[in-house]
Amino acid sequence: MPLLILGSIALDTVKTPLEERADLLGGSASYASVAASFFSPVKLVGIVGEDFPQENLEFFKQRNVDLEGLQIVPGKTFRWSGEYMWDMNQRETRSVELNVFENFSPELPESYRSTRMVLLGNIAPALQNHVLDQLTRPHFVIADTMDLWINIAKEELLRLIARVDMLILNDSEARELTGQTSLIKAGRRIREMGPSCVAIKKGEHGCLLFGENHFFSCPAYPLEDIHDPTGAGDCFAGGLAGFLASRPISEADLTEKKQIPFEILRQAVVEGSVIASFNVESFSMDRLKTVTPVDISERYEIFRTLSRFESI
Ligand code: AMP
């Protein structure tokens, strides 16, 4: 099943304590699309300027990412620049240039409107709602978000959350959104806002998944070499959504209950974590260019052993 992905497409400048790189392919939709493409074909919705390098477009095509929903308009591509501290969990945004993003109004091509599996990647919630309005009968909609939107567009975000099946956010965002210090209470509270399923990411400490009467704690992969954490969250969301799109989920589960069996959601969270763990091993998407299906299944097995222990 194809997966529709909306989000930002960017040229990033990233500085770590050891290195600085400019004009890297970035953006939430870019990372999520490449991550998802390991599991399913992707229909990309986004915007770039005429300065966007042709080689990036070729890369998307090679990865089975359909670009019919990509607007290429006069002007400059969205640019973001960030700096990581020695503790790579600490990041400062150095600059943001909205450029063509400023007047972006995503319009879905006819061939995208009936897509059933949807990932509304991190972008303004008004744009996420606008894309949702154009879909004829989506079966499972996943939304990713960030603290910026909780701070400047909370009402629009709450309207979105009420319409989606799964919300992905990180621990501090979950606390901020719900006013709860406990992540368990925050997960429950967000489910009461609409989504049947919530994934709360805890950076390098793994992820929590909440469903109806179900809970799963996904371990973190013990990574030794983190070169660039940019896009880890987007790769997690893309890998997870791509995996779900690739599963033969029964019509009854999707149409009647609007639910995916929890064991499949659990696998999806691990697959998302696997792709994210590869992505941070290099700048931009360089590591994902060389990852093979065998690499993915080997790391999936490591995740399995990490969370298994004997009974007494
Ligand atoms: P993450 O590391 O998962 O937070 O994602 C980083 C990516 O998000 C970078 O490649 C940026 O280009 C992109 N980005 C940064 N700020 C925004 C924003 N306000 N809206 C959409 N994408 C953004």
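Helices in this report are DSSP runs of H or I with at least four residues, numbered from the N terminus. By that assignment, Ala186 of this predicted model lies in helix α7, which covers residues 183-192.

**Overall architecture**

The protein chain contains 11 helices and 14 strands. A compact globule of 312 residues would have a radius of gyration near 20 Å, and the value of 18 Å for the protein chain therefore agrees with such a form. Along the principal axes, the C-alpha atoms fill a box of roughly 60 × 45 × 40 Å. Buried residues make up 54% of the 312 in the protein chain. The exposed surface of the protein chain is about 13,900 Å², of which carbon and sulfur atoms supply 48%. Where contacts link residues at least 6 apart in sequence, 65% of them join residues at least 24 apart.

**The ligand and its surroundings**

The ligand is surrounded by 16 residues, and the closest of these are Ser8, Asp12, Gly27, Gly231 and Asp234. By residue class, the shell around the ligand divides into 6 nonpolar, 7 polar and 3 charged residues. Four elements each supply at least two residues of this shell: strands β2 (10-15) and β7 (78-84), together with helices α4 (147-152) and α8 (232-246).

Several protein atoms lie at short listed distances from oxygen atoms of the ligand, as the table sets out.

| Residue | Protein atom | Distance to a ligand oxygen atom |
|---|---|---|
| Gly27 | backbone N or O | 2.7 Å |
| Arg91 | polar side-chain atom | 2.9 Å |
| Gly231 | backbone N or O | 2.8 Å |

Taken alone, the ligand exposes 510 Å², and the protein buries 88% of that area.

**Thr230**

Thr230 is found in the loop between β14 (214-218) and α8, and α8 is one of the elements that supply at least two residues of the ligand shell. The relative accessible area of Thr230 is 5%; this residue therefore counts as buried, since the cut-off for that class is under 20%. The side chain of Thr230 takes part in two polar contacts with other side chains: one of 2.7 Å with Tyr84 and one of 2.6 Å with Asp228. Apart from residues up to four places away in sequence, Thr230 touches Asp12, Val14, Tyr31, Trp80, Tyr84, Arg91 and Asn279. Among these partners, Asp12 is one of the residues closest to the ligand, and Arg91 places a polar side-chain atom 2.9 Å from a ligand oxygen atom.

**Helix α1**

Helix α1 spans residues 28-36 and is mostly covered, with 9 of its 9 residues buried. The buried residues are Ser28, Ala29, Ser30, Tyr31, Ala32, Ser33, Val34, Ala35 and Ala36. Tyr31 of this helix is also among the residues that Thr230 touches.

**Ala186 in helix α7**

Ala186 has a relative accessible area of 0% and is therefore buried. Leaving aside neighbours within four places in sequence, the contacts of Ala186 are with Ala174, Thr178 and Gln180. Ala186 and Ile200 stand 14 residues apart in sequence, and their C-alpha atoms are 9.1 Å apart in space.

Technical notes. Residues are numbered from 1 along each chain as its sequence is written. This is a predicted model: local features need pLDDT of at least 70, side-chain atom pairs count only at pLDDT 80 or more; totals for chains, interfaces and linings use all residues. Side-chain values use heavy atoms; hydrogens and water are left out. A residue is near a molecule or strand if one of its heavy atoms lies within 4 Å of it. A polar contact is a pair of N or O atoms within 3.5 Å; within protein, one must be able to donate a hydrogen and the other to accept it, and residues adjacent in sequence count only if both atoms are side-chain atoms. Accessible areas come from the Shrake-Rupley method with a 1.4 Å probe; for residues, only the protein chains shown count as cover. Ala, Val, Leu, Ile, Met, Phe, Trp, Tyr, Cys and Pro count as nonpolar, Asp, Glu, Lys and Arg as charged, and the others, Gly among them, as polar. The radius of gyration is taken over C-alpha atoms; the globule rule is 2.2 Å times the number of residues to the power 0.38. Buried means under 20% relative accessible area, exposed over 50%, partly exposed in between (1.4 Å probe, protein chains only). Contact means heavy atoms within 4.5 Å.
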